[in-house]
Structure formats: C-alpha cells, structure tokens
Amino acid sequence: MNVPSPLSWVSRDGTVSINHAEYQEHLKSKTEPELRHIIGDAQAAIRANPDGPKSGYYADEVSYAAMELIRRHPSPARR
C-alpha cells in the first residue's frame, strides 16, 4: 500500500513533487551526516535517471539539504 507522505505527493502525470515548507522544516531535525547523505543519495539518483519522474524532487532535496547546512554554518561574509 502506498501511503501518502506530508513531505511529497504524486501528480497525475506520475511526477513526484515536494512539499517545500514541510520538507525544509523536516531537515532542521537531521544531523550533518544525515544531510550530507541525503545530498549524495539524491545526486546519485539524478545521475542514474536525470529524466525520471522523481528528478525534480531529488533536485529539491539537494537544494534544501545544502541550504540547511549553510544555515547552520554561514560563511563569514554572510554573518
């Protein structure tokens, strides 16, 4: 059984979309190693199937996990 997640949904055309606000909030509870794993795993999935129905979702995962790492460790120029 495919249980819907509050973090994503499947469109009629089969593409998977991310709940942007919920996902960003969800990442705040992840450790840095977990965030880095999410980034690496999503990048590998994009490389494996760049035109797949989840490629946009994976790109958003990379972006939001990287944003969370930057939020935790801003560069000196951004402080």
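Four residues apart in helix 3, Arg72 and Glu68 are separated by about one helical turn. The two form a salt bridge in this predicted model, with the closest N and O atoms 2.9 Å apart. Arg72 itself is partly exposed, at a relative accessible area of 26%. Its partner is another matter: Glu68 is buried, with a relative accessible area of just 5%.

Glu68 has a second arginine to deal with. A salt bridge also joins Glu68 to Arg71, and here the closest N and O atoms are 2.6 Å apart. The spacing along the chain is three residues this time, so Glu68 and Arg71 are again separated by about one turn of helix 3. Put together, Glu68, Arg71 and Arg72 make up a linked network of salt bridges.

What else does Glu68 touch, once residues up to four places away in sequence are set aside? The list is Leu27, Lys28 and Leu35. Glu68 sits in helix 3, which covers residues 55-72, while Leu27 belongs to helix 1 (20-27) and Leu35 to helix 2 (32-48). Lys28 turns up in a salt bridge too, but with Glu25, at 3.4 Å between the closest N and O atoms. With 43% relative accessibility, Lys28 counts as partly exposed. In total, the chain has four salt bridges.

Now for the nonpolar side of things. In soluble globular proteins, nonpolar side chains tend to be buried together. In this model the largest nonpolar core has 14 residues, and the members that touch the most others are Tyr23, Leu27 and Ala65. Strand 2 (16-18), helix 1, helix 2 and helix 3 each put in at least two residues. Helix 3 is the biggest contributor to the core, giving five.

Ala65 shows how these pieces meet. With neighbours within four places in sequence left out, Ala65 contacts Leu27, Leu35, Ile38 and Ile39. Leu27 and Leu35 are therefore touched by Ala65 as well as by the buried Glu68. Leu27, then, is one of the best-connected residues of the core and also a contact of a charged residue from helix 3.

Stepping back to the whole chain, the elements run β-β-α-α-α from the N terminus, which comes to three helices and two strands. The C-alpha atoms fill a box of roughly 45 × 25 × 20 Å along the principal axes. Of contacts between residues at least 6 apart in sequence, 53% join residues at least 24 apart.

As for the surface, 24% of the 79 residues count as buried. The chain exposes about 5600 Å², and carbon and sulfur atoms supply 54% of that area. Charges come out even, with 10 positive and 10 negative side chains, and the centres of the two sets lie 6 Å apart. Glu68, with its 5% relative accessibility, is one negative residue that counts as buried.

Note on methods:
Residues are numbered from 1 along each chain as its sequence is written. This is a predicted model: local features need pLDDT of at least 70, side-chain atom pairs count only at pLDDT 80 or more; totals for chains, interfaces and linings use all residues. Side-chain values use heavy atoms; hydrogens and water are left out. Buried means under 20% relative accessible area, exposed over 50%, partly exposed in between (1.4 Å probe, protein chains only). Contact means heavy atoms within 4.5 Å. Accessible areas come from the Shrake-Rupley method with a 1.4 Å probe; for residues, only the protein chains shown count as cover. Lys and Arg count as positive and Asp and Glu as negative; His and the chain ends are not counted. The place of a charge is taken as NZ of Lys, CZ of Arg, CG of Asp or CD of Glu. A nonpolar core is a set of buried Ala, Val, Leu, Ile, Met, Phe, Trp, Tyr and Cys residues joined through side-chain atoms within 4.5 Å. A salt bridge is a side-chain nitrogen of Lys or Arg within 4 Å of a carboxyl oxygen of Asp or Glu.
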